[in-house]
Amino acid sequence: MKDTQVPESEQSKELFAYFGLAVYYCQALEQQLTNLLLLTKLSQGKTPTDAEIAELYQRKLSNSLGQLIKEIQHHFPFSEEETSQLQAVWKERNHIVHDYFKERIQETFTPAGRAHMIRELKRFKNKASRLEIKLQGYCTEMYSKLGLEEEHIK
């Protein structure tokens, strides 16, 4: 079945690299949401032990992007636009991870199809990256307000 072999061109490698970057930035976004949730809990005035912080951190790291987004909305005052952006990235992330290549497999065999997919993945990567940087800024603000050094939370 020659038709189902993965194309070996440089453009194919670029396509798979952008797929990897899209997934990477989603995981970076999950990390920032975890950090923000943890910092929000710390800002509530309770003083958890190091063991409680570590346990909560590990539990939150195992949550999906959707679970983290749903939870953080109860604890952090995102604007409507930010909430909409989080929801859109979550939905698009799920499509990319679960269905993207299943639906687009034929496009991977043509230069025009791969170029189109690369543009889509690049746009998504940029969107997720911008959102992750915004969340990183919120975390930095909270570190300062709480008088913490960033190394203690990561």
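These legends walk through several close-up views of one predicted model.

Because the model is predicted, local features need pLDDT of at least 70 and side-chain atom pairs count only at pLDDT 80 or more, while totals for chains, interfaces and linings use all residues. Residues are numbered from 1 along each chain as its sequence is written, and side-chain values use heavy atoms, with hydrogens and water left out.

**View 1. The largest nonpolar core and its best-connected members.** This core has 38 residues, and L33, L36, F78 and L135 touch the most other members. A nonpolar core here is a set of buried Ala, Val, Leu, Ile, Met, Phe, Trp, Tyr and Cys residues joined through side-chain atoms within 4.5 Å. Buried means under 20% relative accessible area, exposed means over 50%, and partly exposed is in between (1.4 Å probe, protein chains only). At least two core residues come from each of α1 (10-42), α2 (50-61), α3 (65-72), α4 (80-98), α5 (100-104) and α6 (111-146). Helix α1 gives the largest share, twelve residues. Helices are DSSP runs (H or I, at least four residues), numbered from the N terminus.

**View 2. Who sits around L36?** Skip the neighbours within four places in sequence, and L36 is in contact with I72, F76, F78, L135, Y138, C139 and M142. Contact means heavy atoms within 4.5 Å. Two of these partners, F78 and L135, are also listed with L36 among the residues that touch the most other core members.

**View 3. A salt bridge within helix α1.** E10 and K13 pair up here, with their closest N and O atoms 3.5 Å apart. For a salt bridge, a side-chain nitrogen of Lys or Arg has to be within 4 Å of a carboxyl oxygen of Asp or Glu. Side chains of opposite charge can pair when their charged atoms come close. E10 and K13 are three residues apart in helix α1, so about one helical turn separates them. E10 is exposed, at 59% relative accessible area, whereas K13 is partly exposed at 47%. The structure holds nine salt bridges.

**View 4. A buried pair linking two helices.** The side chains of E71 and K60 meet in a salt bridge, 2.6 Å from N to O. E71 belongs to helix α3 and K60 to helix α2, so the pair ties together parts that are eleven residues apart in sequence. Both E71 and K60 are buried. Bring K41 into the frame too: K41, K60 and E71 are linked in a network of salt bridges.

**View 5. The K102 and D99 salt bridge.** In this pair, the closest N and O atoms are 3.3 Å apart. K102 is exposed, with a relative accessible area of 63%. D99 counts as partly exposed, at 28% relative accessibility.

**View 6. Two cysteines, C26 and C139, that stay unpaired.** A disulfide would take a pair of cysteine sulfur atoms within 2.5 Å, and by this rule the count comes to zero. Why no bond for C26? The closest cysteine sulfur to that of C26 is in C139, 17 Å away, which is too far. C26 is buried at 3% relative accessibility, and C139 is buried with a relative accessible area of 1%.

**View 7. E52 in helix α2.** E52 has its place in helix α2 and counts as partly exposed at 44% relative accessibility. E52 and F16 are 36 residues apart along the chain, and their C-alpha atoms are separated by 39 Å.
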